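Student: I'm new to this protein and would like a close look at a single part of it. Please pick one buried spot, tell me what surrounds it, and say how far the picture can be trusted.

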Amino acid sequence: MTAGAPCETSSQAKTDGCCRRAPAGSATVRIDMAVPKRKTSKSRRDKRRAQHKIAIPMVATCSACSAPKLSHRVCPSCGTYRGRRYSTTDAALA
Ligand SMILES: [Zn+2]
C-alpha cells in the first residue's frame, strides 16, 4: 500500500489486515495478532509438559575440603575455587 492512500481504495484492502471491517454495524476489528489455528490436544500438551522437570544439580566435590559443591563455583564450606581462597567469612576461615 502506498503511503497516505486509504485502505478502502487500495487494491490490498482485503489482504492487508490493518483496517479490515467486521460485518455491517459493528466496529472495525484490528487483526494483527497470530492466533493458533487449532486447539492443542491433551496428548500434545502433555507431551510438551513431559519435558518440564527440575534438573538435578551437578554436585562436584571440593578439591580442598572434599565437601559437596556446585561446579564452577566457590566452595561454600571452605571458600576456595581452583586452589585460591576467595571467601573471607568466618565459616570459610574456620
Ligand atoms: Zn571446600
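Tutor: Let's start with the whole chain, then go to one cysteine and its surroundings. Keep in mind that this is a predicted model, with an average pLDDT of 76 across the protein and 62% of the residues scoring at least 70. That confidence isn't spread evenly: helix H1, residues 42–49, has the highest mean at 97, while helix H2, residues 90–93, has the lowest at 52. At the start of the chain, residues 1–19 stay under a pLDDT of 50, and the model gives that stretch 13 contacts beyond four places in sequence. Where pLDDT is low, the predicted coordinates shouldn't be read in detail.

Now for the layout. The protein has two helices and four strands, and if you read along the sequence you meet them in the pattern α-β-β-β-β-α. Of its 94 residues, 4% count as buried. As for contacts between residues at least 6 apart in sequence, 0% of them join residues at least 24 apart.

The buried spot I'd pick is cysteine 75, which you'll find in the loop between strand S2 (68–70) and strand S3 (80–81). Why does cysteine 75 count as buried? It's because 23 other C-beta atoms lie within 10 Å, and the cut-off for buried is 20 or more. Who's around it? Setting aside neighbours within four places in sequence, cysteine 75 is in contact with Cys62, Ala64, Cys65, Ala67, Lys69, Thr80 and Tyr81. Take alanine 64 from that list: it sits eleven residues from cysteine 75 in sequence, and their C-alpha atoms are 8.8 Å apart in space.

Stay in the loop between S2 and S3 for a moment, as histidine 72 is found there too. Buried or exposed? Histidine 72 counts as exposed, because it has 9 C-beta neighbours inside 10 Å. Its backbone has a quirk as well: phi is positive, at about 65°, although the residue is not a glycine.

You can spot a similar quirk further along, at arginine 82, in the loop between S3 and strand S4 (84–85). Arginine 82 isn't a glycine either, yet its phi is positive, at about 50°. It also has 9 C-beta neighbours inside 10 Å, so it counts as exposed.

Last stop: proline 68, which has its place in strand S2. Proline 68 has 12 C-beta neighbours inside 10 Å, so it counts as exposed; the cut-off for exposed is 12 or fewer. Not counting residues up to four places away in sequence, proline 68 touches Val59 and Thr61. Methionine 58 is ten residues from proline 68 in sequence, with 9.9 Å between their C-alpha atoms.

To pull the loop together: cysteine 75 is buried, whereas histidine 72, in the loop between S2 and S3 as well, is exposed.

Note on methods:
Residues numbered from 1 in each chain as written. Predicted model: local features only at pLDDT ≥ 70, side-chain atom pairs only at ≥ 80, totals over all residues. pLDDT = per-residue confidence, 0-100. Contact = placed C-beta atoms within 7 Å.
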